[in-house]
Number of protein chains: 2
Amino acid sequence: MTQRIARLVLLVLGLTLGLVTMAHAEDGYDLWLRYRPLPVAQAQIYAPHLTSVVAGDRPMLSAARSELQRGVSGFLGHDLPAATSIGDGALVIGTPAEQPAIKALNLPLSGLGEEGYLIRSVTVDGHKVTVIAANSDRGVLYGAFRLLRQIQTGQGIDKLDMADAPKIRVRLLNHWDNLDGSVERGYAGASIWDWWRLPDLKDQRYTDYARANASIGINGTVVNNVNAKALSLTAPYIAKTAALADSLRPYGIKIYLSARFSSPIELGGLKTADPLDPAVRAWWRAKTDEIYKAIPDFGGFLVKANSEGQPGPGDYHRSHADGANMLAEALAPHGGIVMWRAFVYSEHDASDRAKQAYNEFHPLDGQFADNVLVQIKNGPIDFQPREPFSPLFGAMPKTREMMEFQITKEYTGQATHLVYLAPLFEETLKADTFVRGAGSTVARVIDGSLEKHALTGMAGVANIGANRNWTGSDFDQANWYAFGRLAWNPDASSRDIATDWVRMTFSGDPAFVTPVVDMMMNSREAMADYMTPLGLHHQMATGHHYGPGPWVHELARPEWNPVYYNKADAGGIGFDRTKTGSDALAQYNPRAAKIWSDPRKMDERYLLWFHHLPWDYRLQDGHTLWDGLVMRYQSGVDQTGVMQITWTGLAPYVDAQRFAAVSQNLTIQRREAKWWRDASISYFQSKSGLPLPAGYTAPALPLEAYEALTFPYAPGQGH
Amino acid sequence: MTQRIARLVLLVLGLTLGLVTMAHAEDGYDLWLRYRPLPVAQAQIYAPHLTSVVAGDRPMLSAARSELQRGVSGFLGHDLPAATSIGDGALVIGTPAEQPAIKALNLPLSGLGEEGYLIRSVTVDGHKVTVIAANSDRGVLYGAFRLLRQIQTGQGIDKLDMADAPKIRVRLLNHWDNLDGSVERGYAGASIWDWWRLPDLKDQRYTDYARANASIGINGTVVNNVNAKALSLTAPYIAKTAALADSLRPYGIKIYLSARFSSPIELGGLKTADPLDPAVRAWWRAKTDEIYKAIPDFGGFLVKANSEGQPGPGDYHRSHADGANMLAEALAPHGGIVMWRAFVYSEHDASDRAKQAYNEFHPLDGQFADNVLVQIKNGPIDFQPREPFSPLFGAMPKTREMMEFQITKEYTGQATHLVYLAPLFEETLKADTFVRGAGSTVARVIDGSLEKHALTGMAGVANIGANRNWTGSDFDQANWYAFGRLAWNPDASSRDIATDWVRMTFSGDPAFVTPVVDMMMNSREAMADYMTPLGLHHQMATGHHYGPGPWVHELARPEWNPVYYNKADAGGIGFDRTKTGSDALAQYNPRAAKIWSDPRKMDERYLLWFHHLPWDYRLQDGHTLWDGLVMRYQSGVDQTGVMQITWTGLAPYVDAQRFAAVSQNLTIQRREAKWWRDASISYFQSKSGLPLPAGYTAPALPLEAYEALTFPYAPGQGH
């Protein structure tokens, strides 16, 4: 080369290398779909298997192809050309129906259902290729993301033979997003839905949202708050929703709407919303037909009825089944479904709140139409740091029961605390209901295998907002990710999921992955300890649910008050849900109930959920209940210190922007953990009258100081 | 090279080239600071002059250095190493006080003041270098951004000799951001200030906000709404503001706060906020001292008092000067200033609203303390598509008068319409008040040269939100940019500014730049025509100010109703502000008033602002007023069609994401322009009873249909 050419080459190289710096601005927008350049040695290994992509051009196949192209161009720095003929290193993707090469391979696809996929290294006409095959385009799309994950997590792609299919059919996010752009229990900024500028403006964010969801197998989204406005069902809003559906459809995401039960009155001018009234039924049929005209693959309705002030069939002395079936009837001709929430408790019912959903729904078993799912929160109260599984799971064998988890951390640290929720999800899914004998886990209930239901579902209340990093903090992305993975496979391990997520989101370096995964895995237990140890629950402050409020007793409805749940007095603490108390235990199968019935033998992490015990009760480790309670609060706080130390040591492995953001959130978490400990101990000490165990520091402030705190602009309260 | 090495080189090249694709995801976050790789030929020209940077390490110098490094690494793809010794192609930046090489050059810096800079290609010790010199670190920072702009706009850097200094001292953004994260009159999502997580969480966005502002010379920001809450002055919020100040300080941005006048009552427990009460004065002094303890370079207070329901000195029968001077007294020891808004009009004053601010403030001339600026909106009403300049400009020679422009497009298309506001700003700045004879332009009033004031200011109500593109649309970034440039130099040309902005934000290709700049330059006139032609004003719908409402007449206060301003009836249309009417004209210098006094000779774009005329009045082009009015509405609509065609043709020059977003917004703009035309013509035709001129299409709907429209979740209304 002449010197001039050499200089030119160096300049070109420099120019392009310069981009490495720019691309490294890590603001979290890419989530776990970070297709960053691989080290050269690694790239050399993958490159021969990523030379071209052969794919059909239907929308979801195009989406799969362009995602593979995006990934490869990121990993390897060269284009992945779309080809029509097969050569060495090609990715051949599609279904037997439309891709002759795949048909010819005669792959074992029959067991994969509508959404599964198979990825295999094969030889076609003498060419070594990788095939991603499925029975449907959506399956192909999921396979494409799976192959990309394989590379992102540093695994081989030369000898692939993988097949997978989701165990749950409806895998949904629930957005509690209001039409004014606020998000109820949202801690990541405003809603990502720009209802105002829809249907015209189709934000790139909608596509990236769909990509992220498709990558973890989520196939639907409820876009408006369960505390719904009828406005969402008007023609202009149907048009807006249809435009959104157009953006999500290529990634296999169906749209669902929360429906306000009184809409026939508010929009239709009817005098009633009685589900047995023919005019009301006709109104819902016509409205549903109108929606399907605009959105042919519309998923269906989610309904919060007769719950916390929402209208419902009870207003007309009809049952939840009457209400759900009316909507089911309107949706059935189109293949749509109803998700009817079981989150109900009444101000006119004096019984233990934990029992009320069961009491109201259990008698309705067998009455719900085939396209109705009853959507049940994981625990009997409300998304607490720890709850036993809801006794409704497994208790309605003729009913399709669906899970509702909360991904947004309303009660579990909001957007600041680093709390990985998958262990909480996993704990519920693996809990045994015993309704068909041992092994009747909640996972088996909701995946339909226990009672042979085909229609199954899992919903997660989204933690997504318009913040640049989507979820308000970098680590909250993991909760979205883990929810999707568990909805796909409720038997998956939360540790494995965390490991994948860390590798995809941050770094594959084991020196980073191991401590971070450990920190994540410990985080939920730490949070439960510093907020509500030993099975305490519902101890948060009022309204915003931010921070501790164990002393709160003056709210209008008894079951809104933390004192209702802790029942702390001079004699002891805890909610007696045994026979001597509310007997909520009796709602469980006797074998399940037995696990929690004897405080001396049970898992003490549920202790005060089920038992009221004296302060001097001896815990299994020999400490008194009072001492053990204080020790657990302290242990939770101590864990936040460990997390800070761990993270500080990981600076070399993380970009500056995300390192700083996580560090700053950990600072907040540690301070707030101390606050939870101090305020809670202050209050309970005012009841127990006991000294702290030796060596444990007294709360920083007197009880009154904690009680006096107010937070006028705490986030997540909607408007 | 062996084949193996060749393959490796190609792989490395490919890897890095691949990033070109990724870096091209244009979501607008980088604003005009897009340091994209230059074409090789161009890069070769710049590279020899960008080999290293020699800079001190004080915070603003570090910021300048790191911005240069970021830019060069983007443009050229190689690092710009920081050096201590000077070599060929070095950038030597600093002040004579701390950089010996600059001191030795003995550059002519004396005329540049505190914030100006000088950039010159010089030889130091036989090395060809580029010097950025100033009297202060902030000047150096501005010079660094100026050099980067030189490259971004494709100009040479080999023979530089530039010097510039701001003509206005206080160059501010006003954020109408509420503490709950909503933004009054914001159309770009939630507030970028995460008050909840401050002071701990220091969002990267704060730094990028500061960079963007510094790049256009903005040196301060008022972070909370003028409709202020006292909470902003409490200790926790002062700590939050201090943390924000820490993020902005390295970029020369000072923080100011909107102060609620009644704070001594709400926070201090006093019985009064009377500005002459010693206890009130003491409270403000103590509060101000408290702020300065946390924020030593705190800028001062902005106050909206006795305006639209806000408390103020009038509540105690004291004057605006009494109120302002009380705060000025507290701030003076720290070098802080008061910006006291002149946006007042009273429900108890029956006179023309356009006259009221003048009537209330003019008598106070000479009474304001030296560190008070009276902040005056550009026109006498409220940020309309077109207003004559406020008669207060130049009318208070002993008072420091400051400009308030509205960058957020409350009345000018909100975030969807492509409307470049700089021509509106320029029109006001170049308007001649004649108070000291011809040439006494508004620019000369606010830059202090007319009355020899040293303390001068210009504020712009920010259009910034948490949207990824900051301003809700790509083209609204131009309004932020242009405001900054005009605050630096109120004599700058809006066309030149647009040209720079287009080159920096999109492309330097003349085939793109020329039509886009033309489109921007025409856009404000088009908007004025389809919304409020011929000097009509305040014709928008109620509350949200979205869309037309010329028929609105039922609001409680007369001057809130559009009919108050259009005065359309069977006889004619327009507001008579001559002697036969409200005589608002008399508030102007007679020479200025004369320009608008004769409808037959005046610029007809102000016609109906000053005159009520019969429908058959003959315009200067011979058409009747009615026909001419309809024609102008139509012409505005037609321009939106031209904009669509222009933009469509420019697809090859723009990335897909921004091309689509702009196209979609233009679709909305065109539909809404037609709506403005049709609704307005409908209403005015109901008064004139006249047919449309031949060839002009009748409104699409009957008047009642336009009147019946409601927009429940229109943005920008705060909460």
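Reader: Which residue follows helix 3 of chain B, and what is the sign of its phi?

Author: Helix 3 of chain B gives way to Gly77(B), and the phi of that glycine is positive, near 80°. Helices here are DSSP runs of H or I with at least four residues, strands are E runs of at least two, and both are numbered from the N terminus. By the way, this is a predicted model: local features need pLDDT of at least 70, side-chain atom pairs count only at pLDDT 80 or more, and totals for chains, interfaces and linings use all residues. Residues are numbered from 1 along each chain as its sequence is written, chains are lettered from A and ligands numbered from 1 in the order in which they are written, and side-chain values use heavy atoms, with hydrogens and water left out.

Reader: How do I check the span of helix 3 of chain B?

Author: Take 1.5 Å times one less than the number of residues. With 18 residues, 59–76, helix 3 of chain B should span 26 Å, and its end C-alpha atoms sit 25 Å apart, which agrees.

Reader: Is helix 3 of chain B mostly covered or mostly uncovered?

Author: Mostly covered, with 13 of the 18 residues in helix 3 of chain B buried. Buried means under 20% relative accessible area, exposed over 50%, and partly exposed in between (1.4 Å probe, protein chains only).

Reader: Okay, positive phi again. Which residue of chain A has one although it is not a glycine?

Author: Look at His317(A), with phi about 55°. You'll find His317(A) in the loop between strand 9 (300–303) and helix 10 (320–331) of chain A. His317(A) is exposed, at 76% relative accessible area.

Reader: And Gln414(B), buried or exposed?

Author: Gln414(B) counts as buried, at 6% relative accessibility. Its phi is positive too, about 50°, although Gln414(B) is not a glycine. That residue lies in the loop between strand 12 (400–406) and helix 12 (422–430) of chain B.

Reader: What about omega, say from Leu198(A) to Pro199(A)?

Author: That peptide bond is cis, with omega near 5°. Pro199(A) belongs to the loop between strand 6 (170–174) and helix 6 (204–215) of chain A. In chain B, a cis bond joins Leu198(B) and Pro199(B), with omega about 5°. Pro199(B) is in the loop between strand 6 (170–174) and helix 6 (204–215) of chain B.

Reader: What feature does UniProt place at residues 471–696 of chain A?

Author: The unreviewed UniProt entry gives "domain: Glycosyl hydrolase family 67 C-terminal" there. UniProt positions use the numbering used here, feature names are shortened, and annotations may be inferred rather than shown by experiment. Over residues 471–696, chain A is 54% helix and 2% strand, with end C-alpha atoms 36 Å apart.
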